[in-house]
Amino acid sequence: MSLIKLRNNALDNLTSFEGSASLGDMVLVSSATASSSASIEFDLGSYKEYKFFFVNMHPATDNVDLTFNFSTDNGSNYNVTKTSTFFFAFHNEANTATALNYEANSDLAQSTAFQPLTKSGIGNANDESASGFLHIFNPSSTTYVKHFIGRLNHYVDNNFTLDNFPAGYANTTSALTNIKFQMSSGNIDDGKILMFGLN
Amino acid sequence: MAIIKHGNNALANITAFPSAIPTGKPVLLSTATASSSASIEFSSGIDSTYDIYKFEFINMHPATSGAKFTCNASIDNGSNFNVVKTTTFFNAYHGETIASQALQYLAGEDIAQSTGYFNISSGVSNNNDASVSGYFHLFNPSSTTYVKHFISTINLDNANYQQNEFVAGYFNDTNDLTNISFKFSSGNIDAGTIKMYGISA
């Protein structure tokens, strides 16, 4: 016999249920499209895992990075302590430079600052942007610190491709209630973020 | 102005569950199984319907030992697979019996502004039990504004080495991509399955 685990989202008076709804699958929780937006914020709920997809995050300002932070007080403050690692690979279009490096300027050590998801700056030319994904594990836990793993590729302003690998944990046992994404400077000119929940 | 997106936790008084809800999950669009195939091409379904396409590679087995698993795209409905690309390529490896392991960038496996097929893997053994498995994300292929980012992670076994390989980059073209092709750098795809999923809001 299979078990179907329903979340406690007040399914009062439910009279029908589409068979294709796929409980237990990756479920779209929310999405947002930036349009000269200072930031994009999402509420975090009780899914065991959240996966955010970034599609063509385009900055208003040249050579800035996409960043994020968490809140434990329903968005009043985005200042959760984090420790992280960051490494990357790059290759330029001129084929004169490659690297696989740890990036000490993009990691955090018990810092409440925003965590970079990219390094070396996303270009703001019309065809330049960043795309990728970020996993958040069990943000509502009141027992464990909250792990995150990201991977994004972006078009650097001076014609490099750069493969970014941020990871770490929010070093709190309070539940994370919100997540905010913003550029390190200036607006998010364009771009779409899809938020999926997994149980 | 900031965008604030609230959660969906107020489902009281539902009288029907909208059929649109499943559209947010990955949708299996196509499955292709190789059998001594020169290539596998996805010629339909790559359009503006989905923001992200995910390809899963399951035991891609080359006919020719040492062949590399590769990819290219078309902007003219498959007439030509020659879109300009720049990529990165690095891997970690470990020998089964030899005390040899490393994390390394492989400059010989990447490309810079090349129209040729790019490597998703380094060379793969064609031993009966050897293959490549992994996944490849392609972002917004139908955009006519942005270059098209991709991110790949695969695993393979080659001559008794475990290899975990990471490729990323972009199709440096603002035309929409219409087709994707996968093949080995030499010889046929002897066996293997590729599944294509669409992901959107």
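Which residue has its backbone oxygen 3.5 Å from a polar atom of the side chain of Lys85(B)? To find out in this predicted model, start in chain B.

**Stop 1: Lys85(B).** Select strand E6 of chain B, residues 85–95, where Lys85(B) lies. Then show the side chain of Lys85(B) together with Thr115(B): the backbone oxygen of Thr115(B) is the one 3.5 Å from a polar atom of that side chain. Lys85(B) is buried but has no salt bridge. Select Asp173(B) next; this is the nearest side chain of opposite charge, and it is 9.2 Å away. Now add the surroundings. Leaving aside residues up to four places away in sequence, Lys85(B) touches a set of residues including Cys71(B), Asn72(B), Phe118(B), Tyr170(B) and Phe171(B), as well as Ile111(B) and Gly116(B).

**Stop 2: the cores.** Select Phe55(B), Phe57(B), Phe136(B) and Phe182(B), which have the most contacts inside the largest nonpolar core, a group of 36 residues. Centre the view on Phe182(B). Beyond four places in sequence, its contacts include Phe55(B), Phe57(B), Phe136(B), Ile189(B) and Ile194(B). Cys71(B) is also among the residues that Phe182(B) touches, and Cys71(B) is in contact with Lys85(B) too. Apart from this core lies another, of 33 residues; to see part of it, select Ala34(A), Leu66(A), Ala170(A) and Met195(A).

**Stop 3: Ser30(A).** Move to strand E1 of chain A, residues 27–37, and pick Ser30(A). Is Ser30(A) buried or exposed? Ser30(A) counts as buried because its relative accessible area is 8%, and the cut-off is under 20%. Finally, select Leu194(A): Ser30(A) and Leu194(A) are 164 residues apart in sequence, yet their C-alpha atoms are 6.3 Å apart in space.

Definitions and conventions: Residues numbered from 1 in each chain as written. Chains lettered and ligands numbered in written order. Predicted model: local features only at pLDDT ≥ 70, side-chain atom pairs only at ≥ 80, totals over all residues. Heavy atoms only, no water. Helix = DSSP H or I, 4+ residues; strand = E, 2+ residues; numbered from the N terminus. Buried < 20%, exposed > 50% of the residue type's maximum accessible area, 1.4 Å probe, protein only. Lys, Arg positive; Asp, Glu negative; His and termini not counted. Salt bridge = Lys/Arg side-chain N within 4 Å of Asp/Glu carboxyl O. Polar contact = N/O pair within 3.5 Å; in protein donor to acceptor, adjacent residues only side chain to side chain. Contact = heavy atoms within 4.5 Å. Core = buried A, V, L, I, M, F, W, Y, C linked by side-chain atoms within 4.5 Å.
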